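Please consider the sequence and the three-dimensional model shown here. The paragraphs that follow lead through its architecture step by step.

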Amino acid sequence: MSYDVDVLWDDEAGVWCAVCDNIPIALESNSFDALIERVKTAAHEILDLNGKAGENIRLCFKAAHWECIA
């Protein structure tokens, strides 16, 4: 099973945010790499609790960094 994870930079809070409605998951971290690892761990745990951990789990991370300039 494949899950799309949206990863966005929150400039105001200074953190990376990851959201996946299909798992469901919403996490944040000030480090992109740390966030990816948190998502991997949490996704496995959540899917395991929902009886879906036995499936081949594939996470597709889609990252964006929006910046406003004046």
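In this predicted model, a useful place to begin is a pair of tryptophans: tryptophan 9 and tryptophan 16 are both buried. How far apart are the ring centres of tryptophan 9 and tryptophan 16, and at what angle do their planes stand? The centres are separated by 5.4 Å and the planes meet at 65°; the pair is therefore classed as edge-to-face, since planes over 60 degrees apart fall into that class. Tryptophan 16 takes part in a further aromatic pair, with phenylalanine 32, which is likewise described as edge-to-face, with 5.0 Å from centre to centre and 75° between the planes. Because tryptophan 16 belongs to strand S2 and phenylalanine 32 to helix H1 (residues 32-49), this pair ties together parts that are 16 residues apart in sequence. Trp9, Trp16 and Phe32 thus make up one aromatic cluster, and the structure holds two aromatic pairs.

The members of this cluster can also be described by their accessibility. Tryptophan 16 has a relative accessible area of 14% and is buried because this value is under 20%. Phenylalanine 32, with a relative accessible area of 30%, is partly exposed.

The setting of tryptophan 16 leads to the strand that carries it. Is strand S2 (residues 15-20) largely enclosed or largely open? Five of its six residues are buried, so S2 is largely enclosed by the rest of the structure.

Strand S2 pairs with strand S1 (residues 2-10) in the antiparallel sense, over five bridges. Within this pairing, aspartate 6 has valine 19 of S2 as its bridge partner, and valine 7 stands opposite alanine 18 in S2. Four residues lie between the strands in the hairpin of S1 and S2, where glycine 14 adopts a positive phi near 70°.

S2 also pairs with strand S3 (residues 25-29), again in the antiparallel sense and over five bridges. These two strands form a hairpin as well, with four residues between them. Here the bridge partner of tryptophan 16 is serine 29 in S3, so the residue that takes part in the aromatic cluster is also part of the strand pairing. Which residues does serine 29 contact beyond its neighbours within four places in sequence? They are Val15, Trp16, Ala34 and Leu35. Serine 29 is buried, with a relative accessible area of 11%. A polar atom of its side chain lies 3.2 Å from the backbone nitrogen of serine 31.

The strands can now be placed in the sheet as a whole. Strands of a sheet pair through backbone hydrogen bonds, in either a parallel or an antiparallel arrangement. In this model, four strands form an open sheet in the order S3-S2-S1-S4, and the pairing is mixed. S3 and strand S4 (58-64) are the edge strands, each pairing on one side only. On average, neighbouring strands of the sheet are turned by 20° against each other, direction ignored.

Helix H1 completes the picture. H1 lies across S1, S2, S3 and S4 and runs at about 155° to S3. Phenylalanine 32, which pairs with tryptophan 16, is a residue of this helix.

How values were computed:
Residues are numbered from 1 along each chain as its sequence is written. This is a predicted model: local features need pLDDT of at least 70, side-chain atom pairs count only at pLDDT 80 or more; totals for chains, interfaces and linings use all residues. Side-chain values use heavy atoms; hydrogens and water are left out. Buried means under 20% relative accessible area, exposed over 50%, partly exposed in between (1.4 Å probe, protein chains only). Two strands pair if DSSP finds at least two bridges between them. A polar contact is a pair of N or O atoms within 3.5 Å; within protein, one must be able to donate a hydrogen and the other to accept it, and residues adjacent in sequence count only if both atoms are side-chain atoms. Contact means heavy atoms within 4.5 Å. Rings of Phe, Tyr and Trp (its six-membered ring) pair if their centres lie within 6.5 Å; planes under 30 degrees apart count as stacked, over 60 as edge-to-face and the rest as tilted. Axes are lines fitted to C-alpha atoms, for helices over the stretch in contact, and angles run from 0 to 180 degrees between N-to-C directions.
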